[in-house]
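Please load the model in your viewer and keep a selection panel open. The stops below are meant to be followed in order.

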Amino acid sequence: MSNEELVIQAEYLCKEETRLTVLKTSRFFTGDGFVVYDCKGQLVFRFDSYGPNTRDKEELVLMNPHGRSLLTLRKKKPSLHQRWEGFKGERKDGDKPIFNVKRSSIIGRSRATITVEVHDNPGVEYFIEGCFPQRSCKIFNATKKLVAEIRRKVDPTTNVMLGKEVFMLCVQPDFDVSFAMGLVLVLDQINGDNFFDNGNIETSVHPTTED
């Protein structure tokens with residue numbers, strides 16, 4: 001593993017490309033819950049938060065299938081650039097953030113580049129480019145190497161592209177999968193208003209196994 005990559009939870013480092021299915025647990029509110037499955041249909045992560053005002057939640061917690069906190073994300077206020085801070089595990093008072101996420105511009109929200117800065121290691125940073133509402137984003141490290149990608153999911157049995165409430169998170173080898181999923185949570189909060197921007201959503205009850 002490169003010593004230039006940020007690791008939040010070493011147990012989520014994989015030696016080969018990891019493809020996860022990310023499923024939004026409700027279609028009625030923005031930013032209110034996700035479950036994440038591996039290619040075998042096994043639950044990997046979950047994030048639970050329900051209600052119409054969840055987009056404005058100040059703190060998000062990514063959990064494993066058993067409810068253990070893996071990563072806490074806290075919205076920093078006030079912040080014109082939608083700045084979020086990341087903490088390992090469950091955040092406690094006095095904890096210092098490991099990284100922060102912010103939009104590079106306050107104009108053109110859906111396609112603005114997102115910058116991820118790592119604390120105590122200024123040489124480590126990440127850039128998220130693309131359009132999350134369209135489920136088309138790429139995450140690059142400081143050397144412009146692709147480390148993770150968000151893309152639309154195609155049903156392998158029908159070859160039909162599914163609605164945007166279910167999508168793929170593809171993580172490259174030796175990159176922390178829990179960190180990548182934490183960035184998805186932040187992207188959903190920053191871009192929440194645009195989730196239903198095309199009005200064409202198909203329903204998926206449970207992800208199929210990977211093709």
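The tour goes from a helix to the nonpolar cores and then to the salt bridges. Please bear in mind throughout that the model is predicted.

**Stop 1: helix α1**

Select residues 177-190, which form helix α1. With 14 residues at 1.5 Å a residue, the helix should span 20 Å, and its end C-alpha atoms are indeed 20 Å apart, so the expected and computed values agree. Is α1 enclosed or exposed? Of its 14 residues, 14 are buried, so the helix is largely enclosed by the rest of the structure.

**Stop 2: the nonpolar cores**

Next, select Phe45, Phe99, Tyr126, Leu169, Phe179 and Met181; these have the most contacts inside the largest nonpolar core, a set of 44 residues. Helix α1 supplies the largest share of this core, namely 10 residues. Apart from this core lies another, of five residues, including Leu23, Tyr37, Leu162 and Val166.

Return to Leu169 and display its surroundings. Which residues does Leu169 touch, leaving aside those up to four places away in sequence? The contacts comprise Thr18, Arg19, Leu20 and Val22, then Glu149 and Ile150, and finally Ala180, Met181 and Val184.

**Stop 3: Glu17 and Arg19**

Arg19, one of the contacts of Leu169, also leads to the charged pairs. Side chains of opposite charge can pair when their charged atoms come close. The count for this model is nine salt bridges. One of them joins the side chains of Glu17 and Arg19, with an N to O distance of 3.5 Å. Glu17 is partly exposed at 34% relative accessible area, and Arg19 is likewise partly exposed, at 32%.

**Stop 4: the network around Glu85**

Now select Arg74, Lys76 and Glu85, which are linked in a network of salt bridges. Measuring from nitrogen to oxygen in the viewer, look for 2.9 Å between the side chains of Arg74 and Glu85. Arg74 belongs to strand β5 (residues 69-75) and Glu85 to strand β6 (residues 84-88), so this pair ties together parts that are 11 residues apart in sequence. The side chains of Glu85 and Lys76 form a further salt bridge, at 4.0 Å from N to O.

How accessible are the members of this network? Glu85 is buried, with a relative accessible area of 9%, which falls under the 20% cut-off for that class. Arg74 is partly exposed at 27%, and Lys76 is partly exposed at 40%.

Conventions:
Residues numbered from 1 in each chain as written. Predicted model: local features only at pLDDT ≥ 70, side-chain atom pairs only at ≥ 80, totals over all residues. Heavy atoms only, no water. Helix = DSSP H or I, 4+ residues; strand = E, 2+ residues; numbered from the N terminus. Expected span 1.5 Å × (residues − 1). Buried < 20%, exposed > 50% of the residue type's maximum accessible area, 1.4 Å probe, protein only. Core = buried A, V, L, I, M, F, W, Y, C linked by side-chain atoms within 4.5 Å. Contact = heavy atoms within 4.5 Å.
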